[in-house]
Amino acid sequence: MSHPTLRAEEHDDRVVVTLSRPEARNAINAAMVRELHEVCAGLEERPRLLLLTGDGGTFAAGADIGELRDRGREQALQGINSRLFDRIARLPMPTVAAVDGYALGGGAELAYACDIRLASPAAVFGNPEPGLGILAAAGACWRLRELVGASVAKQVLLAGKRLDAEEALRLGLVAEIAPHGELLERAHALLDRMARSGPLALRLTKLVADAPGGHPITDDLAQAILFESADKRARMDAFLAGGRS
């Protein structure tokens with residue numbers, strides 16, 4: 001499946017999306033937002049893992065400033081980027097961002113919305129929005145705090161601090177640093193590990209992990225569904241048979 005601003009490769013267990021606006025360092029514009037919504041619709045209808053990456057040594061160097069310049073109050077209230085990133089965060093199956101180069105502004109917020117991030121040594125995360133007279137309104141003000149803590153988040157959001165790959169790894173923002181030429185290979189290896197798990201177990205684990213506040217009853221209800229699944233019985237039978245051999 002091909003779109004003007006991205007490439008989407010469909011596989012049985014995953015979809016690989018490559019942002020591709022080389023003339024704008026993969027800046028997120030309205031067309032890309034529409035196309036990512038189409039990807040989300042497909043993943044909601046047929047849940048699979050998602051790998052997000054960028055072309056040309058950049059993940060996404062922000063939102064399209066030309067478009068932002070012309071947006072007013074009504075567009076802000078529509079939450080053009082924030083609604084999309086929230087939809088990505090709520091996709092049924094796990095999502096992975098493979099970040100090579102700049103992930104700034106809206107590009108950083110897109111990476112924050114994914115479940116796990118991998119980075120190349122050239123990765124840089126930052127939210128310079130206040131320098132343009134706006135705020136990071138597509139999730140950074142609260143997602144980044146959840147990911148790295150309030151102190152570091154405020155350094156990024158208020159003082160313009162950028163996090164390179166090593167610092168992002170130390171803070172837990174990224175799970176792994178992989179050489180540029182191995183980044184996608186490592187990301188697929190991570191997806192391969194996930195794909196070996198029960199798909200319903202992954203879906204319910206993500207739902208419970210993301211549920212606000214958390215509650216033992218939520219855990220119990222999700223486990224009750226899984227305890228009755230054929231997949232659980234088949235996997236446990238295989239485990240027990242292997243243990244006896």
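**View 1. The salt bridge between Arg 186 and Glu 176 in the predicted model.** Glu 176 is partly exposed, with a relative accessible area of 26%. Its salt-bridge partner is Arg 186, and the closest N and O atoms of the two side chains are 2.5 Å apart. Arg 186 belongs to helix H9, whereas Glu 176 sits in strand S10 (residues 176–177). The two residues are 10 residues apart, and the pair links distant parts of the chain. Arg 186 also counts as partly exposed, at 28% relative accessibility.

**View 2. The salt bridge between Asp 192 and Arg 14.** Here the closest N and O atoms are 2.6 Å apart. Asp 192 lies in helix H9 (residues 183–195) and Arg 14 in strand S2 (residues 14–19), so the salt bridge ties together parts that are 178 residues apart in sequence. Is each partner buried or partly exposed? Asp 192 has a relative accessible area of 33% and is partly exposed. Arg 14, at 7% relative accessibility, is buried, because the cut-off for that class is under 20%. Asp 13 joins Arg 14 and Asp 192 in a network of salt bridges.

**View 3. The salt bridge between Arg 21 and Glu 23.** The closest N and O atoms of this pair are 3.5 Å apart. Arg 21 is buried, with a relative accessible area of 10%. Glu 23, in contrast, is exposed, its relative accessible area being 62%. In the whole model the count comes to 14 salt bridges, one of which is this pair.

**View 4. The open sheet S4-S6-S8-S9.** Four strands make up this sheet, and their pairing is mixed. Strand S4 (60–61) and strand S9 (163–164) are the edge strands, each pairing on one side only. Strand S8 (residues 124–126) pairs with S9 in the antiparallel sense, over 2 bridges. Which residue of S9 is the bridge partner of Val 124? The partner is Asp 164.

**View 5. Helix H5 across the sheet.** Helix H5 (residues 106–113) lies across S4, strand S6 (102–104) and S8. The helix runs at about 95 degrees to S6; angles of 65 to 115 degrees count as roughly perpendicular, so H5 and S6 fall in that class. How many residues of H5 are buried? The count is 8 of its 8 residues, and the helix is mostly covered. The buried residues include Gly 106 and Gly 107 at the start of the list, then Ala 108, Leu 110, Ala 111 and Ala 113. Glu 109 and Tyr 112 are buried as well.

**View 6. The packing of helices H10 and H11.** Helix H10 (residues 199–210) packs against helix H11 (residues 216–227) at an angle of about 175 degrees, and the two axes are 10 Å apart. The helices are therefore roughly antiparallel to each other, since the class takes angles over 145 degrees. On the H10 side the contact is made by Leu 200, Ala 201, Leu 204 and Val 208. H11 contributes Thr 218, Asp 219, Ala 222, Ile 225 and Leu 226. By type, the residues of this contact divide into 7 nonpolar, 1 polar and 1 charged. In an α-helix there are 3.6 residues a turn, so residues three or four places apart point the same way.

Methods:
Residues numbered from 1 in each chain as written. Predicted model: local features only at pLDDT ≥ 70, side-chain atom pairs only at ≥ 80, totals over all residues. Heavy atoms only, no water. Pairing = 2+ DSSP bridges. Contact = heavy atoms within 4.5 Å. Axes fitted to C-alpha atoms, helices over the stretch in contact; angles between N-to-C directions. Parallel < 35°, antiparallel > 145°, perpendicular 65-115°, else oblique. Nonpolar A, V, L, I, M, F, W, Y, C, P; charged D, E, K, R; others polar. Buried < 20%, exposed > 50% of the residue type's maximum accessible area, 1.4 Å probe, protein only. Salt bridge = Lys/Arg side-chain N within 4 Å of Asp/Glu carboxyl O.
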